[in-house]
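Reader: Before I work with any model, I like to see one part of it described carefully, with every cut-off stated. Could you take me through it at that level of detail?

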Amino acid sequence: MSEMTSGRQFSWRAMTSMMTTGGFLIMGVTGLMLFATPEGRLAYWVDWSLGGLTKEEWGAIHVTSSLLFLIAGFIHLWFNWRQFVAYLRHRFQQKVSIRPEAPVATALLAVLVAGTLWGVPPFTWVLDLSAAIKASWSVDASLEPPFGHAEEATLDTMALRTATPVGAIVGAIREAGYTVETTADTLRRVADRNGVSPAEIWVEVVRRVPSVVPAPIDASAAWTPELVDQRFEGAGFGAKTLAEVATELALPTDEVLARLQAAGIAAAPGDRLKAAAEDAKATPTELLKVILVPGFKLPE
């Protein structure tokens, strides 16, 4: 080994090039992983992981590798600054000619950014594919969190949000063989202390206290804005299509679209609630209020 390295000096230039390449590769791989990971509300609830890494860890590596790529790129430019300046001087001393590929590439990049921001095909197809892959991880209704980031809620809050005595929840957890120290503990803390996921804890609670699961949605009930907030805030409806929302609300899809249309919101059955809300400059929960609460008007 010493013969192979003898006479060779350590090259910072070579290392910088390798770090730039490595940062780009890691950034690409982690970007693909984040493209396909489930929504955070589900990933954190079931302690989802891929390749031994959680969603949060994949995201952290993506951020640091992106930063590494940028830093290494700037250092690479600094090492080659004289050559870079000489190249620019040479180009400007001669007749400046722009290769036809440059404006075409610039135009394509501008179209990509604008098309993504404006939400037009085929760019929306990529985003819809990502949303479909993320949604595909949720195959068992019993593993769905009762509301967004429920794992960070205390047992007292879980009792309040599910209209269930906190003693019944604590008793169910202890009956399942798990330890609980205080009702001020979050479900995440209880799960970590017992070496399981928050979803596993809650499945046991639901098994023993069925009333913690909200009753089926009754679209004909006397809904108020406050009740809609309490029932749907953080429940993950934004990722559902309007056809799926209609099914969840036990309403015909045409009726849902008609109620939105009456509020000046044009949408199609395949549109996701979140996308329709963004087009209307509203939130998914506000669109649910439009659908469920008679006479509800979006804020100006």
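Is Met18 buried or exposed, and what is its relative accessible area?

Author: This is a predicted model, in which local features need pLDDT of at least 70 and side-chain atom pairs count only at pLDDT 80 or more, while totals for chains, interfaces and linings use all residues. Residues are numbered from 1 along each chain as its sequence is written, and side-chain values use heavy atoms, with hydrogens and water left out.

Met18 is exposed, with a relative accessible area of 60%; exposed means over 50%, buried under 20% and partly exposed in between, with a 1.4 Å probe and protein chains only. Met18 belongs to helix H2, residues 12-36, where helices are DSSP runs of H or I with at least four residues, numbered from the N terminus. The C-alpha atom of Met18 is separated by 41 Å from that of Ala275, 257 residues apart along the chain.

Ala275 leads on to the largest pocket, since Ala275 is listed with Gly238, Arg272, Lys274 and Glu278 as lying nearest the centre of that pocket, which has 39 lining residues. A pocket here is an open set of points on a 1 Å grid over the protein atoms alone, where a 1.4 Å probe fits and protein lies on both sides within 12 Å along at least five of seven lines, and lining residues have an atom within 4 Å of a point. Its volume is about 1,200 Å³, taken as the space filled by probe spheres set on the points, with grid points joined across faces, edges and corners. Helix H7 (123-136) is among the helices that each supply at least two lining residues, as are H15 and H16, and H7 gives the most, with 8 residues. By class the lining has 16 nonpolar, 13 polar and 10 charged residues, where Ala, Val, Leu, Ile, Met, Phe, Trp, Tyr, Cys and Pro count as nonpolar, Asp, Glu, Lys and Arg as charged, and the others, Gly among them, as polar.

H16 also takes part in the largest nonpolar core, to which helix H12 (225-232), helix H13 (242-248), helix H14 (253-262), helix H15 (273-279) and helix H16 (284-292) each supply at least two residues. Such a core is a set of buried Ala, Val, Leu, Ile, Met, Phe, Trp, Tyr and Cys residues joined through side-chain atoms within 4.5 Å. H16 gives the most to this core, with 5 residues, and 8 of the 9 residues of H16 are buried. Those buried residues pack against H12, H13, H14 and H15. Of the 26 core residues, Phe232 is one of those that touch the most other members; leaving out residues up to four places away in sequence, Phe232 touches Ile217, Trp223, Phe237, Leu249, Leu288 and Leu292, contact meaning heavy atoms within 4.5 Å.

A further buried position is Asp185, found in the loop between H9 and helix H10 (187-194), which counts as buried because its relative accessibility is 4%. The side chain of Asp185 makes a polar contact with the side chain of Arg189 at 3.1 Å; a polar contact is a pair of N or O atoms within 3.5 Å, where within protein one must be able to donate a hydrogen and the other to accept it, and residues adjacent in sequence count only if both atoms are side-chain atoms.
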